[in-house]
Amino acid sequence: MKLQEATWLQVKAYFEENDTVVIGTGSVENHGKHLPLGTDALIPQKLISLIEGKTHVLCTPVMPFGSCDYFTQFPGTISLGDEVLRQVLLKIAQGLYTAGARKFVYVNGHGGNCAAIESVCYAMSKQGAVSAVVNWWSMAAGELNPQWAGGHGGGEETAAIMYVNPDLVDKNQMHPKNLARVSENIESVSLKLGRFKGINVTIPRDVGDVSSNGWYGSDDIKDATPEWGEEMLTTVANYITEFIEEFKTAKLGRSSEYHL
């Protein structure tokens with residue numbers, strides 16, 4: 001059930017029998033020369049469309065803008081920053097809470113959003129709500145299938161967008177990964193990690209200073225296929241659907257009972 005397509009009477013009726021909502025979160029930012037700026041919003045949007053066909057749950061429009069200050073060197077990137085994003089997401093959650101929502105599932109497409117989302121989850125828990133954050137990319141690569149790897153704008157996300165809409169992938173701009181060293185003896189191993197004497201060290205920098213392409217991944221983008229993307233997003237959507245069904249039975253928090 002799409003919030004934006006429902007009337008207020010339909011939403012009222014939904015919350016008379018249900019208390020679970022799905023909120024998609026994304027970002028508008030660089031994803032390499034070959035992927036669209038809206039990659040992190042397009043993928044959650046696709047996942048939610050798959051989920052809607054499998055379970056009865058109210059879904060909000062995907063929040064397209066996120067926190068991505070480290071990508072602002074790239075034209076078209078729009079970053080709300082952590083605090084503004086937190087305030088926007090808090091207003092969304094509070095509006096849904098007023099309508100009757102008590103269980104919130106965030107389908108998140110961008111790692112930079114995590115701090116703001118989790119802060120909102122803690123705030124809503126003080127009102128007795130309970131929230132879950134599903135970071136699709138880490139779930140896919142870290143647990144569902146390690147071969148799907150990870151990264152930013154790498155093969156994983158490229159395959160996902162090929163499934164969402166192959167016309168959005170500029171195959172003429174699929175250049176090899178190119179990470180600049182931090183120093184002669186410190187190599188870059190990802191967009192924010194350096195490695196010195198075999199040990200990783202977090203070195204936050206604007207991504208343009210790390211990669212001229214703007215993408216990183218242990219999986220080569222030239223290995224991406226629509227079939228990979230379909231299998232991956234379908235598997236993720238099936239898992240999230242099962243999770244939502246179980247999460248509907250979660251116990252609500254008791255924080256609202258205390259007056260600190």
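**Note on strand E1 and the nonpolar cores**

1. In this predicted model, strand E1, formed by residues 20-25, is mostly covered, with six of its six residues buried. Thr20, Val22 and Gly24 point one way from the strand, while Val21, Ile23 and Thr25 point the other way. Residues on both sides of E1 are buried.

2. The pairing of E1 may be considered next. Strand E3, residues 103-108, runs parallel to E1 and is joined to it by six bridges. Within this pairing, Ile23 stands opposite Tyr106 of E3. E1 is also joined by two bridges to strand E2, residues 58-59, and these two strands likewise run parallel. Here Val22 stands opposite Cys59 of E2.

3. Which helix joins E1 and E2 in a β-α-β unit? The helix is H2, residues 39-52, and the unit that it makes with E1 and E2 is right-handed.

4. In soluble globular proteins, nonpolar side chains tend to be buried together. The largest nonpolar core of this model has 62 residues. Those with the most contacts inside this core are Val22, Leu47, Phe104, Tyr106, Met124, Trp136 and Met232. Helix H7, residues 226-247, supplies the largest share of the core, namely eight residues.

5. Leu47 merits a separate remark. Leaving aside residues up to four places away in sequence, Leu47 touches Val107, Trp136, Leu233, Val236 and Ala237. Of these partners, Trp136 is itself listed among the residues with the most contacts inside the largest core.

6. A second core, separate from the largest one, has seven residues. Among them are Cys68, Phe71, Phe74 and Tyr216.

Note on methods:
Residues are numbered from 1 along each chain as its sequence is written. This is a predicted model: local features need pLDDT of at least 70, side-chain atom pairs count only at pLDDT 80 or more; totals for chains, interfaces and linings use all residues. Side-chain values use heavy atoms; hydrogens and water are left out. Buried means under 20% relative accessible area, exposed over 50%, partly exposed in between (1.4 Å probe, protein chains only). Helices (H or I, at least four residues) and strands (E, at least two) are DSSP runs, numbered from the N terminus. Two strands pair if DSSP finds at least two bridges between them. A crossover is right-handed if, with the strands pointing away from the viewer, the path from the first strand over the helix to the second runs clockwise. A nonpolar core is a set of buried Ala, Val, Leu, Ile, Met, Phe, Trp, Tyr and Cys residues joined through side-chain atoms within 4.5 Å. Contact means heavy atoms within 4.5 Å.
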